[in-house]
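Me: I should like a close look at one part of this model, namely its salt bridges, followed by a connected account of the surroundings.

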Amino acid sequence: MTTANTDSATSGSLSEQARAELRPSQLIPALVSGVLNGALEVALAVSFAALVFTGELAPYLSRGIGMALFSATLGVAIVALLSSYRASLSANQDVPAAIVALAAAAVAAAAPPDAQFATVAVVMVLTTLAAGLFFLFLGIFRLTGLVRFLPYPVIGGFLAGTGWLLFIGGIGMMAGRPFSFAGLGQLLASPTLLYWLPGVLAGALILFLAGRVRHPLFLPAAILAILTLFYGIAFLRGVGLDDLSAGGWLLGPFPAGGFWQPIGRAEWARVDGAAIWPQVPNLLAAVGISAIALLLNATGLELSLRRDLDLNREMRGAGWANLIAGLGGGFVNYHALSLTMLNARLGATGRLSGLMVAVVSGVALLFGGAALGLLPKMVFGALLVFLGLSFLWEWVVAAFRRLPRIDYAIVLSILVITAAIGFLQGVAVGILAAVVMFIISYSRSSVVKHELDGTSFSSRVIRNPQARALLADVGAQAYYLQLQGFIFFGTAYGLLEAVRARVRRTTTRHVVLDFRQVIGLDSTALLSFEKLRQLAREGGFSLTFAGLPPALRVQFGQGGLGEATDGLRFAPTLDRAAEWVEDQLCFMAESGGEQPLDASLQALVPGAATTRLVSYLERREVSPGVYLMRQGDAPDVLYFIESGQVTAQLEQPGRQLLRLETMRGGRMVGELGFYLGTQRSAAVVADLPTVVYVLTQDTLARIERDDPAVAHAFHRLVVHLLGERVLHLMWAVEALHT
C-alpha cells in the first residue's frame with residue numbers, strides 16, 4: 001500500500017494539480033464520473049428524503065428533497081477537497097437516514113400539524129451537526145481507533161436493523177402509508193399491493209444481479225431500466241403523466257424551479273421542543289453508528305484501493321462537511337464506498353470528479369423541481385428495498401455461515417426486537433447481550449497463562465550439582481502461576497480453586513503468583529486472594545506475590561493484603577521469588593560449604609589434566625559490588641568461580657537492571673565473548689565476597705601450545721557447562737509451551 005500522504009508529497013502546488021486535472025486524460029473521466037455519480041447522488045438524496053417525508057409528512061417531500069440535496073451538494077464538495085484520497089466521494093447515508101426516518105415519524109405523531117415540518121427539520125439539523133462535531137472531535141484528537149471497540153455482533157445487529165428499516169421504508173414510500181404489522185392487511189389489499197410489490201421485486205432483482213454483475217455501471221443501468229420499463233408499460237396502457245401523478249405513482253407534482261426552500265422565521269417559532277427530546281437517544285445512536293460506518297467505509301476503501309488513508313483526516317473532512325451542510329438541514333453524509341469505487345473504475349483520480357458530482361447535485365437542487373417530479377416512486381422505492389435487502393442478506397443470511405452461533409443470536413435478537421418493538425430497544429438488548437456474553441466467555445477463559453513447578457522452572461541462579469539434584473527431586477513442591485489479563489471475581493475464584501486442588505493432591509510448600517502481565521483487578525476479586533492467604537496459613541505453605549505493578553500493590557494494600565500482612569510475601573519479579581523458593585528447598589544441599597575449584601571442575605570433567613588447568617589460572621579475591629566485567633569491555637579474560645556469588649546483568653540507561661544469571665562456585669563467566677571475540681554484552685558484578693580464577697587469551701594460547709591435554713580438558717569443560725545452559729533453556733521453553 002502507498003502511504004496516506006503520497007498525494008501531498010508528489011503532486012506539487014495546487015495550481016499544478018489543477019492544471020493536471022484539466023488535461024483530457026483526467027478531465028474526460030472526471031466529467032463522465034461526475035455525471036453518473038451525480039445522478040446516483042441525486043437518486044440517493046431523493047430516496048432518503050422520501051423515506052423520511054412519507055405518511056403525514058408527505059406534503060413536505062419537496063422541501064425534504066431540497067434539504068437532502070443541499071447536504072449532498074456541500075458534503076461531496078467538502079470531502080472531495082479535504083480527503084487524503086483525492087477521488088473520494090461522499091453521499092447522504094442510509095444508516096443515519098433510516099434512524100432519522102424513525103425519529104421523524106415519532107415527531108410527526110407528537111407535534112401539532114403546523115409544527116411538523118419545522119420540528120422534523122430541526123431533528124435533521126441537530127443530527128447532522130452533532131455528527132459533524134463528533135467526527136471532528138474523533139479526528140482532531142486522533143481517536144478513530146476507539147470507535148472500533150464496539151462488539152462486532154452489535155454492529156451487525158445495528159446494520160441488520162437498519163436494513164429492516166430501509167426495507168419497510170421503501171415499501172411505505174411506494175404504498176403511500178407507513179409499514180406496520182397491524183396494517184399489513186391493507187398493504188396486501190389489491191389496490192395498494194400494486195403500488196409497492198413491483199418495486200420490491202425490482203429491488204430484490206437488483207440485489208440478485210449485483211452479486212453476479214460486477215460492472216461499475218450496473219446500478220445506474222438498473223435504475224434506467226426500471227425507469228424505462230415503468231414508462232414503457234404506462235405508454236402501452238395509454239396512461240399519461242397527469243393520470244400517473246394523480247394516481248400517486250410519481251414523486252411530484254413539484255413546483256417548477258428549485259427545491260431549496262429554507263425554514264422561515266415563523267416556522268422556527270413553531271418548533272415543538274417537547275416532541276424532539278424523546279428522540280435524543282435515536283439521534284445519538286445515529287451519530288455513533290455513523291462514526292463506525294464511516295470507519296468501515298474508509299477501511300473498505302483502503303482494501304479496495306490497496307492504499308492507506310489517513311483515517312483521522314477522513315474523519316475531520318467528514319466532520320467539516322456535516323457541520324457546514326448541517327446548517328441548512330439534510331442528512332448525515334460521509335464517504336460512500338460504492339460511489340468512490342465507481343469513480344476509481346471510471347479512471348477519475350482527482351478532486352475534480354467530486355466537484356463535478358457537487359455541480360450535478362447542485363443543479364438538481366436549484367433547477368430540478370419539474371424534472372424530479374416526473375420520476376416514479378418505484379425507482380426510489382426499489383433503491384431503498386435494494387439497500388435494505390443487501391444489509392439483511394449480509395447479516396441474516398450470509399452471517400449464519402460465518403459468525404459463531406452466539407454472535408449470530410445477538411445479531412438476530414437486535415433485528416427481531418427492532419422490527420417488533422423499536423430500534424433503540426433492539427440496540428439496548430444487543431449491547432446488553434454482548435456484555436453478558438463477554439462476561440460468560442471471559443469467565444470461561446483462564447487467568448493463568450502458565451502453570452509450572454520447580455522441576456520445569458527455575459530462577460536464574462546457577463547452583464552446585466548437589467543443589468540441582470535436590471531441586472530435581474523436590475522441585476514439584478514449588479508451584480508457580482503466571483497470571484494474565486484482567487482478574488474478575490469469577491476468575492479469581494477459579495484461581496483459588498486451582499491452588500486448593502493442587503494442595504490437596506500433592507505436597508506443596510511454596511506457591512508463587514506472578515502478576516507481571518495482569519492489567520487490572522476487580523475489587524471483588526480481593527476476597528478470593530484473602531481466602532488464598534488463609535489457605536496458605538492453614539495448609540502450611542508460603543504464598544508470594546511477584547511482579548505486582550504499583551497500582552495493584554496499592555489496591556492489594558487497601559484491601560488488607562499489604563507488605564505487613566502475615567503469611568504473605570512480595571517479590572519484585574518472578575525470578576527473585578523463585579530464587580527465594582529454591583533457597584528454602586535446597587538449603588541443606590548448599591549448607592555444607594563450597595568446594596575448591598579443582599574439586600568442582602573434577603566433578604564435571606575428571607582427570608589429571610583438569611587438575612593441572614587450575615595451576616595455569618590466576619587467583620583473585622573480589623569484594624561485593626566490584627565489576628568483573630562491564631558491557632562493551634574487550635573479551636580478553638574468562639573467569640572460573642570458586643566461591644561466593646556473581647550476577648550477569650543488562651544495564652540500560654533509564655531502565656531497571658535485568659538479571660540474566662546468578663552464578664556460584666564451579667561456574668564459568670565470560671566464555672561466549674572469550675570464544676567469539678565479541679565485546680561483552682552484559683556486565684558481571686560480585687554480590688558476595690568472591691574468589692575467582694582468571695584465564696587470559698595469552699594463557700590459553702600457551703596451554704594449547706605446551707599442554708594439549710589441559711587444553712582439551714578446558715574445551716570439554718566449556719562444552720559441558722554450555723550444554724547444561726542449553727538444556728536448562730530448552731526445559732524452560734518447553735514448560736512455557738505446554
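Are Asp575 and Arg659 buried or exposed? Please begin from that pair and continue to the other salt bridges, the surface and the helix packing.

Reply: Asp575 is buried, and Arg659 is buried as well. The model is a predicted one, and the pair is treated here on that basis. Asp575 and Arg659 form a salt bridge in which the closest N and O atoms are 2.6 Å apart. The contact links distant parts of the chain, since Asp575 belongs to helix α26 (residues 574-585) and Arg659 to strand β13 (residues 658-663), 84 residues apart. The structure holds 14 salt bridges.

A second salt bridge joins Glu563 to Arg553, with 2.1 Å between the closest N and O atoms. Glu563 lies in the loop between α25 (550-558) and β8 (569-571), while Arg553 is in helix α25, so this pair ties together parts that are ten residues apart in sequence. Glu563 has a relative accessible area of 54% and is therefore exposed, the cut-off being over 50%. Arg553, at 29%, is partly exposed.

In a third salt bridge, the side chains of Arg705 and Asp706 meet at 3.2 Å, N to O. Arg705 is exposed, with a relative accessible area of 59%, whereas Asp706 counts as partly exposed at 48%. Shared partners also join salt bridges into one network, which consists of Asp575, Arg576, Glu579 and Arg659. The buried pair Asp575 and Arg659 thus belongs to this network.

The surface also carries a nonpolar patch. Leu81, Leu82, Trp320, Ile324 and Leu355 form this patch, and together they have about 430 Å² of accessible area. The elements giving two or more residues to the patch are α4 (61-82) and α15 (311-326). Ile324 is found in helix α15. With a relative accessibility of 39%, Ile324 counts as partly exposed, because that class lies between the limits of 20% and 50%.

Helix α4 also takes part in helix packing. The axes of α4 and helix α6 (residues 116-140) come within 12 Å and cross at roughly 15 degrees. An angle under 35 degrees counts as roughly parallel, and α4 and α6 are therefore roughly parallel to each other. Their crossing is right-handed.

A second helix pair is formed by α9 (residues 190-210) and α19 (residues 377-402), which pack at an angle of about 50 degrees with their axes 7 Å apart. That angle makes α9 oblique to α19. The crossing of α9 and α19 is right-handed.

Two separations between residues complete the account. Leu224, placed in helix α10 (residues 218-236), is exposed, with a relative accessible area of 53%. Leu224 and Val379 are 155 residues apart in sequence, and their C-alpha atoms are 8.7 Å apart in space. Val692 lies in strand β16 (residues 690-696) and is buried, with a relative accessible area of 1%. The C-alpha atoms of Val692 and Ala202 are separated by 91 Å, and these residues are 490 residues apart along the chain.

Conventions
Residues numbered from 1 in each chain as written. Predicted model: local features only at pLDDT ≥ 70, side-chain atom pairs only at ≥ 80, totals over all residues. Heavy atoms only, no water. Patch = residues over 30% accessible without salt bridge, like charges linked within 9 Å, V, L, I, M, F, W, Y side chains within 5 Å. Areas by Shrake-Rupley, 256 points an atom, 1.4 Å probe, with all protein chains shown as cover. Salt bridge = Lys/Arg side-chain N within 4 Å of Asp/Glu carboxyl O. Helix = DSSP H or I, 4+ residues; strand = E, 2+ residues; numbered from the N terminus. Buried < 20%, exposed > 50% of the residue type's maximum accessible area, 1.4 Å probe, protein only. Axes fitted to C-alpha atoms, helices over the stretch in contact; angles between N-to-C directions. Parallel < 35°, antiparallel > 145°, perpendicular 65-115°, else oblique. Left-handed = near helix turned anticlockwise from the far one by under 90°.
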